[in-house]
Amino acid sequence: MTRLLLPVLLAAAAHAETPAAPDRKAMYEKEIKPLMERSCVGCHGGKDAQGKVRARGGYRATSIAELEKGGKEQGAGITWGKPMESSLYLLSKANRTDDLAMPPRKSKAQPLTAAELETLRRWIETSK
Ligand code: HEC
């Protein structure tokens, strides 16, 4: 039993030491895009009834490049590796009583949950 188990444990330990670094693009497609579509795109990149793109605050949230760029007033949407210098994260995380909090308090859009904010933070910290 011990003999059989040891290689298995060693393999598991080796695996644990080198967790696959999350890939920025894959993580965007799988975890970030659905969040943006649910809570943000309605005002940032989606089209209105006339087919005109809505970009409130000059911000669009339908691609990594747009998310990164940011809008008119709050600086870079994303500074890779620095969530606290990323308006995308700061405004999503802002206290709901804050006027800048996204989505705006008065809108019906669903704010990001604590777990989703954590996902967003991890994504901004991806290195590639
Ligand atoms: C109901 C519409 C609405 C929704 C939904 C919404 N926003 Fe906004 N957003 C705005 C408006 C309007 C502004 C312009 C500033 C203001 O008036 O507060 C803005 C501004 C911003 C800015 C700052 C742009 C600048 O000036 O640099 C960011 C970043 C932002 N939103 C991110 C988000 C994110 C992320 C979400 C989803 C979690 C979201 N917004 C959801 C309406 C919305």
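What follows is a short walk through a predicted model of a protein chain with a ligand.

Starting with the overall layout, the protein chain has five helices and two strands, and these run along the sequence as α-α-β-β-α-α-α. Of the 128 residues in the chain, 23% are buried. Looking at contacts between residues at least 6 apart in sequence, 37% of them link residues at least 24 apart.

Next comes the inside of the protein. The largest nonpolar core holds 17 residues, and the ones that touch the most other members are Ile 32, Met 36, Cys 40, Ala 61, Leu 88, Leu 120 and Ile 124. Helices α2 (24–39), α4 and α5 (114–124) each give this core two or more residues. In soluble globular proteins, nonpolar side chains do tend to be buried together.

Helix α2 deserves its own look. Its buried residues are Ile 32, Leu 35, Met 36 and Ser 39, and they pack against α5. An α-helix has 3.6 residues a turn, so residues three or four places apart point the same way. Helix α2 isn't straight, though: there's a bend of about 45 degrees at Ile 32, with a proline, Pro 34, following within four residues.

That leaves the ligand. It is surrounded by 27 residues, with Cys 40, Cys 43, Gly 57, Gly 71 and Ser 107 the closest. By class, this shell splits into 12 nonpolar, 12 polar and three charged residues. Helix α4 (residues 87–93) supplies the largest share, four residues. Cys 40 turns up in both settings: it is among the residues closest to the ligand and belongs to the largest nonpolar core. Leaving aside residues up to four places away in sequence, Cys 40 touches Ala 61, Met 102 and Pro 103.

Terms used: Residues are numbered from 1 along each chain as its sequence is written. This is a predicted model: local features need pLDDT of at least 70, side-chain atom pairs count only at pLDDT 80 or more; totals for chains, interfaces and linings use all residues. A residue is near a molecule or strand if its C-beta atom, placed from the backbone, lies within 6 Å of it. Ala, Val, Leu, Ile, Met, Phe, Trp, Tyr, Cys and Pro count as nonpolar, Asp, Glu, Lys and Arg as charged, and the others, Gly among them, as polar. A nonpolar core is a set of buried Ala, Val, Leu, Ile, Met, Phe, Trp, Tyr and Cys residues joined through C-beta atoms within 7 Å. A residue is buried if 20 or more other C-beta atoms lie within 10 Å of its own, exposed if 12 or fewer, and partly exposed in between; C-beta atoms are placed from the backbone. Two residues are in contact if their C-beta atoms, placed from the backbone, lie within 7 Å. The bend at a residue is the angle between axes fitted to the seven residues ending there and the seven starting there.
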